[in-house]
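Colleague: I have some labels here that I'd like to take apart. Can you walk me through what earns each one?

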Amino acid sequence: MEWVKQIFVTGIMTELILHLLPDKKYDKYVRLICGVILTMVCISPILSFFNNKNNIKNYINIFEKIGQKYDYQTMIGNMQGADQSYYVQNYIEVNSKYINSLVLEEGLNPVDCKIVLDMDENSETYGSIETITLTVTDGKNSCYEKNSGRISNQSGVKQYSEELLALVETICVTYEINEDSIHVKIT
């Protein structure tokens, strides 16, 4: 909404400046300058997206993880026994490390990450992540547990942590899972 206001104000300021010009011979130069300014205001959201390297990095990570998921599901579907359990364990370790890096990016410290996969061969979600249980520390003396998309302390009072909610949202998007499948404890 702020962006639309900026465009509107820039347009009004352009017209005001054009009406206040002492001589019409400057009209084309002022229109050129104001047009460049208006164009910059119009494309500023696009420029800010590309200037924020974290946005691009997050999208690349999400596409990479989605591709890994489908490759992994195909691979374990074609294997049996020890080979299959090796790839399952490897997939869990790689994703645990990635999730721990996400925890660090949110300013928290990872303690433990447990990933449970759907290993029912008859399931539509075979090979995908079923639940993620995270234990992290924030360096404070509080203890929270995420329940039903909300964070509550041990006495049951609902509290929100921006870091945790951002972390859960990133994990949900990356692994295409529901928020209820992620359990986070802060110690």
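Modeller: Let's start with burial: buried means under 20% relative accessible area, exposed means over 50%, and partly exposed is in between, with a 1.4 Å probe and protein chains only. By that rule, 32% of the 187 residues of the chain count as buried. Keep in mind that this is a predicted model, where local features need pLDDT of at least 70, side-chain atom pairs count only at pLDDT 80 or more, and totals for chains, interfaces and linings use all residues. Residues are numbered from 1 along each chain as its sequence is written, and side-chain values use heavy atoms, leaving out hydrogens and water.

Colleague: How do you know how many helices and strands there are in the chain?

Modeller: They're DSSP runs numbered from the N terminus: H or I of at least four residues for a helix, E of at least two for a strand. That gives five helices and six strands, running α-α-α-α-β-β-β-β-β-α-β from the N terminus on.

Colleague: Why is Thr-10 called buried?

Modeller: Thr-10 has a relative accessible area of 13%, which is under 20%, so it counts as buried. Thr-10 sits in helix 1, and its side chain reaches the backbone oxygen of Gln-6 at 2.7 Å. That pair qualifies as a polar contact (N or O atoms within 3.5 Å, one able to donate a hydrogen and the other to accept it; residues adjacent in sequence count only if both atoms are side-chain atoms). Leaving aside neighbours within four places in sequence, Thr-10 is also in contact (heavy atoms within 4.5 Å) with Ile-37, Leu-38 and Val-41.

Colleague: And what makes Val-9 part of a nonpolar patch on the surface?

Modeller: A nonpolar patch takes Val, Leu, Ile, Met, Phe, Trp or Tyr residues with over 30% relative accessible area and no salt bridge, their side chains joined within 5 Å. Val-9, in helix 1 (residues 2-20), has 47%, so it clears the area cut-off and is partly exposed. The patch is formed by Phe-8, Val-9, Ile-12, Met-13, Leu-16, Ile-17 and Leu-20, with about 680 Å² of accessible area together.

Colleague: What makes the pair Lys-114 and Asp-112 a salt bridge?

Modeller: The rule is a side-chain nitrogen of Lys or Arg within 4 Å of a carboxyl oxygen of Asp or Glu. In Lys-114 and Asp-112 the closest N and O atoms are 2.6 Å apart, so the pair qualifies. Lys-114 is partly exposed at 48%, and so is Asp-112 at 29%.

Colleague: How do you know that Asp-23 and Lys-25 form one too?

Modeller: Their closest N and O atoms are 3.9 Å apart, which is within 4 Å, so it counts. Lys-25, at 53%, is over 50% and therefore exposed. The structure holds three salt bridges, including Arg-31 with Asp-27 at 3.4 Å. Arg-31 and Asp-27 are four residues apart in helix 2 (residues 27-51), so about one helical turn separates them.

Colleague: Why is a set of residues called a nonpolar core?

Modeller: Because its members are buried Ala, Val, Leu, Ile, Met, Phe, Trp, Tyr and Cys residues joined through side-chain atoms within 4.5 Å. The largest one here has 26 residues, and Ile-132, Leu-134 and Ile-171 have the most contacts inside it. Helix 4 supplies the largest share, seven residues. Leu-134 is in contact with residues including Ile-99, Val-103, Leu-167 and Val-184, leaving aside neighbours within four places in sequence.

Key:
Patches are made of residues with over 30% relative accessible area and no salt bridge: like charges are joined within 9 Å, nonpolar side chains (Val, Leu, Ile, Met, Phe, Trp, Tyr) within 5 Å. Accessible areas come from the Shrake-Rupley method with a 1.4 Å probe; for residues, only the protein chains shown count as cover.
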